[in-house]
Structures are given as structure tokens and as C-alpha cells.
Amino acid sequence: MAERRPPLRFHRRQVIGALAAPVVACAAPRLDPGSSRAALARARVVEDDPEAFWGEIARAFTVDRGMVNLNNGGVSPSPRLVQEAMGRHLAVSNEAPAYTMWRLLEPEREGVRARLAQTFGVEREEVAITRNASESLQTCQFGFELARGDEVLTTTQDYPRMITTFQQRERREGIKLVQFSIPTPCEDPGEIVRRFEEHITPRTRLILVSHMVFLTGQILPAAEVVALGRRHGIPVLVDGAHALAHFDFKISDLDCDYYASSLHKWLFAPHGTGLLYVRKDKIGALWPLMAAAESQKDDIRKFEEIGTHPAANALAIAEALVFHETLGPKRKEERLIELREYWASRLAQHERVRFHTSRKPGFACGIALVEIEGIDSEKLAAHLWDEHKIFTVAIKHAEFQGIRVSPSVYTLKSELERFVDAMEDVIAHGLPA
């Protein structure tokens with residue numbers, strides 16, 4: 001009997017996918033002029049002219065230019081090619097979901113897993129695709145065995161959801177959350193490590209460290225904290241929600257056992273996509289957030305057992321990786337720093353302006369927290385939006401306040417000039433009564 005062939009649609013989708021991935025540079029004349037791929041192709045033609053290059057990159061996005069979005073640290077828009085990939089996968093999903101989504105599309109998740117692992121320097125069997133950094137982190141926070149009286153250690157500047165997670169375990173199981181403050185900004189990595197070590201006790205069972213602090217964009221010495229934990233026999237969970245694909249590094253550089261991130265921030269992947277890295281020999285001892293079969297004990301996929309889930313979001317991560325790799329991680333990092341300095345250097349000339357983020361190399365990237373002394377940060381953020389349609393986020397922490405500014409690769413320098421002009425007007429005249 002002749003072997004049955006899969007449905008023709010499956011062959012067509014494979015061919016389309018195979019043709020789509022590598023055509024960034026060579027197929028510009030045949031592409032829709034408004035497409036992300038066409039913008040990338042044009043950008044390569046003008047690579048020797050940086051502003052022309054980044055101008056073409058800006059055209060790869062579908063953002064609303066009637067506003068200035070300086071809160072890309074919360075969640076980023078995806079470039080058009082990622083949106084289009086999601087649309088294609090979603091259309092196939094809806095043809096016959098129980099068949100197309102589970103039998104045709106779900107196996108392609110393995111290709112995305114392999115791409116993520118390759119890009120960030122780890123093994124395919126160590127990468128779980130999740131919905132966001134919070135899910136990834138909570139998988140670890142709830143998945144570690146902790147007993148009454150055990151301590152978990154972190155700073156006062158970690159993400160509120162992660163603090164809430166430990167506080168729930170405090171209420172329910174009697175563990176103890178220990179927090180300590182860190183200098184803001186801090187330009188001495190050794191001081192950060194010293195403060196972690198100072199708060200380790202015989203009861204410390206787990207350390208949580210932010211690779212990049214969400215409040216300020218401060219880059220913390222995660223690798224050194226991981227090494228500290230290893231010396232004391234304490235596992236270290238690294239919160240990389242804002243770090244991954246923001247500046248140039250690989251997860252393998254940290255030599256960590258656990259790393260969590262959102263991919264819808266600086267990778268520009270679909271909204272509701274995240275990554276959890278667990279070193280292979282640590283998978284078995286970590287309980288999944290939702291129940292998985294015992295046979296999956298050592299399988300990274302046990303952390304993806306969440307019931308019915310969309311295929312399109314995860315599969316379109318592949319296009320985000322194409323975009324990221326075409327930009328180049330180092331060039332992307334340098335551009336984000338350049339944009340930060342474009343507005344920060346001008347505002348730094350004013351005596352009332354205070355930065356809660358270091359501007360020295362290696363301590364931050366595209367995010368910075370800035371304060372106008374004497375001006376309430378929430379009122380300032382509201383004024384920038386109401387009067388200028390400039391979107392920032394107000395930060396009010398027990399130790400500092402300000403507005404968090406996070407442009408992205410699509411941000412135009414003319415938009416940053418609008419922001420600086422508005423800030424200088426507030427510096428000169430205050431907020432409207």
C-alpha cells in the first residue's frame with residue numbers, strides 16, 4: 001500500500017516558512033514596500049548611514065506616531081513581520097483547531113525552542129516557552145521545596161509580583177522573606193554582592209536577583225551573585241524580564257541554573273510570550289506550576305503544561321528572533337544607549353534633574369529613571385501625556401521617585417526632542433496649576 005501523504009496545506013506552509021526566513025536582504029524588490037522585511041532589506045542597503053539605517057528599522061513597526069511611547073519597558077510593540085506571522089498561524093489554527101493547532105502547529109514549537117536555545121547559548125532541552133517572566137519566575141518560586149522557617153533573600157527593588165509570590169508562601173507555609181536595600185544608582189558591583197552575602201544566614205534556601213532592575217534599568221552583577229550562591233550551596237533565580245535581548249549577552253554567560261524572562265519586551269515577540277531556562281540537571285527537582293505526569297519529571301516541557309494554549313504566539317517568536325539577529329545584539333544595545341544619552345545628556349545640564357540610573361558603561365542600557373526635584377512623578381507623567389501625548393511611567397518607591405523612560409529601536413530622535421522640550425518647560429515653569 002502506498003504511503004499516505006500529509007494534507008497539501010501542511011506542505012504549503014512548510015514551503016512558505018522555509019522561503020520566508022532567509023529573504024531579509026535579497027528579496028526587497030519583490031516585497032510589499034510597507035513590510036518589515038522590506039524595511040530590513042532597505043536598512044541593510046544604508047548600513048553605513050546610521051540614522052538612515054535606524055529610520056528604516058523604525059518603518060518596520062506599525063506604531064502610532066501621534067504619540068511618543070517611552071514605556072517600551074512595560075511591553076513592546078512587535079514589528080509587522082511578527083504580527084503577520086501571528087496572523088498566519090492564527091488563521092491556520094482556526095481552520096480546524098483540534099487538528100491544525102495540535103497536530104500541525106504544536107510540533108513546530110520545537111523549532112522555536114531550538115532557535116531560542118541557540119540564540120541565548122543554552123541547550124534546547126533547557127528552554128521552556130511560557131507566557132511571561134512572572135509565570136517563569138513563579139514556576140521556580142513555587143517549585144522549590146521550602147519548609148517553615150526557611151528564608152528566601154532578595155532586594156527591596158524586585159518586581160512586586162515576585163515579592164507577592166514569596167509573601168503568599170510566608171502566609172501559607174511559614175517561610176520568611178528577607179529583603180535589603182541597594183544603592184541607587186550603584187556603580188560598584190562588589191557592593192551589591194557584599195550586601196547579598198551580608199544577609200545570608202544558615203536558614204537561607206533561595207536567592208532571587210534581578211539582572212536588570214525594573215524600576216531604574218540598573219544592571220546588577222547577576223553572574224557574581226550566582227557564583228556567591230553556589231559557594232554557599234544556595235540556588236539563585238535570575239529575573240531577566242528586562243535584560244534578555246536588551247543588551248548583548250547570552251544566558252550561558254551567567255553560568256546560572258535558573259533564568260526567566262518576558263520575550264514581549266526587548267525581543268519584540270508576541271505579547272504573552274516568555275522563557276524559562278532551567279539547567280538540565282536541575283529540572284527533575286523543580287515542581288511545575290501546573291501538574292505534569294511523573295514521566296515528565298526530567299522534561300523541560302513539564303513547565304509548559306497549562307492546558308489549551310494558542311500556537312500562534314509561540315510560533316511567531318521565530319520571526320522576532322529573525323528581526324533581533326538581523327539588527328545584531330551589540331548594535332541594538334549600542335543604539336538603545338545612544339537614544340538614552342540623546343535625551344539624558346541634555347536634561348543632565350539642569351541642576352534640578354537627578355538620575356537614579358547610572359549612565360556609566362555596563363551599568364544600564366536603554367532604560368533610565370529621571371526626577372525633576374520638587375516635581376511629583378505621578379503628576380509629571382500625567383502632564384506629559386495629557387499635554388504632549390508622551391507616554392512614560394511614574395515610579396514611586398520608598399527610596400526614590402521619578403519617571404521611567406524607555407525608548408526603543410523604532411523611536412525617532414525628533415520624538416526624544418519633543419520629550420526633552422516638554423521636560424525643560426516643566427523645569428522652567430513648573431506644572432500647570
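**Exercise 1. Is E187 buried, partly exposed or exposed, and which relative accessibility puts it there?**

Before we start: the model you are looking at is predicted.

*Step 1.* Get the cut-offs straight: buried means under 20% relative accessible area, exposed means over 50%, and partly exposed is in between.
*Step 2.* E187 comes out at 36% relative accessibility, so this residue counts as partly exposed.
*Step 3.* Now look at its partner. K360 forms a salt bridge with E187, and their closest N and O atoms are 3.3 Å apart. K360 sits in the loop between β9 and β10, while E187 is in the loop between β4 and α9, so the pair ties together parts that are 173 residues apart in sequence.
*Step 4.* K360 has a relative accessible area of 46%, so K360 is partly exposed too.

**Exercise 2. Work through two of the other salt bridges, starting with E191 and R194.**

*Step 1.* Start with the general idea: side chains of opposite charge can pair when their charged atoms come close.
*Step 2.* For E191 and R194, the N to O distance is 2.8 Å. Both belong to helix α9 and are three residues apart, so about one helical turn separates them.
*Step 3.* Check the surroundings: E191 is buried at 17%, whereas R194 is partly exposed at 38%.
*Step 4.* Now take R279 and D257, whose side chains meet at 2.6 Å, N to O. This pair links distant parts of the chain: R279 is in the loop between β8 and α11, D257 is in the loop between β6 and β7, and they are 22 residues apart.
*Step 5.* R279 is partly exposed at 22%, and D257 is buried at 10%.
*Step 6.* Zoom out: a search of the whole structure turns up 34 salt bridges.

**Exercise 3. Trace the open sheet and find its edges.**

*Step 1.* Follow the seven strands in the order β2-β8-β7-β6-β5-β3-β4; the pairing is mixed.
*Step 2.* Which strands are at the edges? They are β2 and β4: each has a single partner strand, so one side of each has no neighbour in the sheet.
*Step 3.* On average, neighbouring strands here are turned by 20 degrees against each other, ignoring direction.
*Step 4.* Pick one pairing: β3 and β5 run parallel and are joined by three bridges. L153 has I207 in β5 as its bridge partner.
*Step 5.* Add a helix. Helix α6 packs on the sheet, touching β2 and β8, and its direction makes about 115 degrees with that of β2.
*Step 6.* Add another: helix α10 lies across β5 and β6, running at about 165 degrees to β6.

**Exercise 4. Classify the ring pairs F61–Y410 and W343–F355.**

*Step 1.* You need two cut-offs: planes under 30 degrees apart count as stacked, and those over 60 count as edge-to-face, with the rest tilted.
*Step 2.* The structure holds 13 aromatic pairs. In F61 and Y410, the ring centres are 5.1 Å apart and the planes are at 45 degrees, so this pair is tilted. The two residues are 349 residues apart in the chain, and both are buried.
*Step 3.* For W343 and F355, the centres lie 5.9 Å apart with planes at 40 degrees, so this pair is tilted as well. W343 is in helix α13 and F355 in strand β9.
*Step 4.* W343 is buried at 0%, and F355 is buried at 15%.
*Step 5.* Look for charges over rings. R359 lies over the face of F355, 5.4 Å from the ring centre. The charged end of K332 sits over the ring of F268, 4.3 Å from its centre.
*Step 6.* F268 also belongs to a cluster: ring pairs link it with F61, F323 and Y410.

Key
Residues numbered from 1 in each chain as written. Predicted model: local features only at pLDDT ≥ 70, side-chain atom pairs only at ≥ 80, totals over all residues. Heavy atoms only, no water. Pairing = 2+ DSSP bridges. Helix = DSSP H or I, 4+ residues; strand = E, 2+ residues; numbered from the N terminus. Axes fitted to C-alpha atoms, helices over the stretch in contact; angles between N-to-C directions. Contact = heavy atoms within 4.5 Å. Phe/Tyr/Trp six-rings, centres within 6.5 Å; stacked < 30°, edge-to-face > 60°. Buried < 20%, exposed > 50% of the residue type's maximum accessible area, 1.4 Å probe, protein only. Lys NZ or Arg CZ within 6 Å of the ring centre and 35° of its normal. Salt bridge = Lys/Arg side-chain N within 4 Å of Asp/Glu carboxyl O.
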